[in-house]
Amino acid sequence: MRVEIKMQAELSEPCAVIYAGEITEEIRRIVSFIENSNCTNFVTVNEEDRIYVLQPDEIYMVRVENEKTIVYCEAQKYSSGRRLYEFETLLGSSFMRISKSTLVNLKYLACVEPSFSGTMLLVLKNGCKDYISRKYLPNLKKYLGI
Amino acid sequence: MKKVFEKIEYGVAMGCFGFVAMLFIASAVAGGANVFMGQRTGEEWLQVAACFIIIALGYSVSSLIYELESFAISLRVLFHMTIGGVVFLLTSYFAGWIGENFGAVMMYILIALGITAAFWGVLVLGLKMQADKINKKIDSK
């Protein structure tokens, strides 16, 4: 692969753009490496053959569905090859786990609803919903100061 | 293990509360505590108290099933209510509370269903109050 570095004084942080004819395994590895380096705070997600770059603020919920990690934004959803625990580490304290399979952005909590099953249903501002497991409910209450 | 002890503690507390509440209500209905409590000996009252605790334990300990999230919710509810109801009926039978005729047995099954529904109602009401509290905090954030 040919590598070229362009110096631009007006850039406040480094920005990487990869030109390629197709997405190969090598490109995925490079993207993953850049993402995991300390100078970044974004995540990449996939939709069909396209890779999108998201800021953590754009993500409402990350959930494992049929063994795939699905990233929910305000209106769109994407898939990712990353595991949920990787998202948990990458997205930091503005996100919280509400069950074994779901991570939510605390900025977008709308309300909770009691369910007849004896658990709470968490609703996000974009309408996404998921049950809060009993194990993780104390963490949410602690975050809210209850 | 901590959860099991919590449930046992909760069950014993609920059983004692239920027993005392029953004494107050039944005494008032029967026309006085002496009239009502004079119907049984001290030993028999101790047995009644123990039965209340066993029934409450049946409902509280079996609610541990909700921790097993690999099971479907409907299955967990069914398990919880079945175990609770069965413990109630068996305890009532061995305590001699259930009469031997069909009508009395049916009446007890209805009472068991009523207690199950009441237990469920308290659980949902508690959850609703908790949800209201959480929603207030979310709104204020």
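Okay, let's start on the surface of chain B. Phe102(B), Val105(B), Met106(B), Ile109(B), Leu110(B) and Leu113(B) make up a nonpolar patch there, and together they have about 570 Å² of accessible area. Before I go on, a reminder that this is a predicted model.

Take Phe102(B) from that patch. Phe102(B) sits in helix α5 of chain B. Is Phe102(B) buried or exposed? It counts as exposed, because its relative accessibility is 64% and the cut-off for exposed is over 50%.

Now the rest of chain B. What does its secondary structure come to? You get 5 helices and 0 strands, so to speak a plain α-α-α-α-α run from the N terminus on. Of the 141 residues in chain B, 31% are buried. If you take the contacts in chain B with a separation of 6 or more, 61% of them are between residues 24 or more positions apart. The chain exposes about 8,900 Å², with carbon and sulfur atoms supplying 73% of that.

Staying with helix α5 for a moment, Lys128(B) and Asp132(B) form a salt bridge, with the closest N and O atoms 3.5 Å apart. Both residues lie in α5 of chain B, 4 residues apart, which is about one turn of the helix. Lys128(B) is partly exposed at 42% relative accessibility, and Asp132(B) is partly exposed too, at 36%.

On to the inside. The largest nonpolar core has 23 residues, and the ones with the most contacts inside it are Leu109(A), Met120(A), Leu122(A), Leu124(A) and Ile132(A). Which elements each supply at least two residues of this core? From chain A we have β4, β6, β8, β9 and α3, and from chain B we have α5. The largest share, 4 residues, comes from α5(B). There's also a second, separate core of 22 residues, and that one includes Val48(B), Ile55(B), Ile65(B) and Trp97(B).

Let's zoom in on Leu122(A). Leaving aside neighbours within four places in sequence, its contacts include Ile98(A), Val104(A), Leu109(A), Cys128(A), Asp130(A) and Ile132(A).

Asp130(A) brings me to the salt bridges; there are 6 over all chains. Asp130(A) pairs with Arg63(A), the closest N and O atoms being 3.4 Å apart. This pair links distant parts of the chain, with Asp130(A) in strand β10 and Arg63(A) in strand β3, 67 residues apart. Are these two buried or exposed? Asp130(A) is buried, with a relative accessible area of 14%, and Arg63(A) counts as buried at 18%. Add Glu65(A), and Arg63(A), Glu65(A) and Asp130(A) are linked in a network of salt bridges.

Another bridge in chain A joins the side chains of Asp57(A) and Lys107(A), at 3.0 Å from N to O. Here the partners are in loops: Asp57(A) between β2 and β3, Lys107(A) between β7 and β8, 50 residues apart. Asp57(A) is partly exposed at 43% relative accessibility, and Lys107(A) is partly exposed with a relative accessible area of 46%.

Last stop, Thr69(A), in strand β4 of chain A. Thr69(A) counts as buried, because its relative accessibility is 6% and buried means under 20%. What lies 2.7 Å from a polar atom of the Thr69(A) side chain? That's the backbone oxygen of Arg82(A). Beyond its neighbours within four places in sequence, Thr69(A) is in contact with residues including Arg63(A), Tyr78(A), Leu84(A) and Phe87(A). So Arg63(A), one of the salt-bridge residues, turns up here as well.

Definitions and conventions:
Residues are numbered from 1 along each chain as its sequence is written. Chains are lettered from A and ligands numbered from 1 in the order in which they are written. This is a predicted model: local features need pLDDT of at least 70, side-chain atom pairs count only at pLDDT 80 or more; totals for chains, interfaces and linings use all residues. Side-chain values use heavy atoms; hydrogens and water are left out. A nonpolar core is a set of buried Ala, Val, Leu, Ile, Met, Phe, Trp, Tyr and Cys residues joined through side-chain atoms within 4.5 Å. Buried means under 20% relative accessible area, exposed over 50%, partly exposed in between (1.4 Å probe, protein chains only). Contact means heavy atoms within 4.5 Å. Accessible areas come from the Shrake-Rupley method with a 1.4 Å probe; for residues, only the protein chains shown count as cover. A polar contact is a pair of N or O atoms within 3.5 Å; within protein, one must be able to donate a hydrogen and the other to accept it, and residues adjacent in sequence count only if both atoms are side-chain atoms. Patches are made of residues with over 30% relative accessible area and no salt bridge: like charges are joined within 9 Å, nonpolar side chains (Val, Leu, Ile, Met, Phe, Trp, Tyr) within 5 Å. A salt bridge is a side-chain nitrogen of Lys or Arg within 4 Å of a carboxyl oxygen of Asp or Glu.
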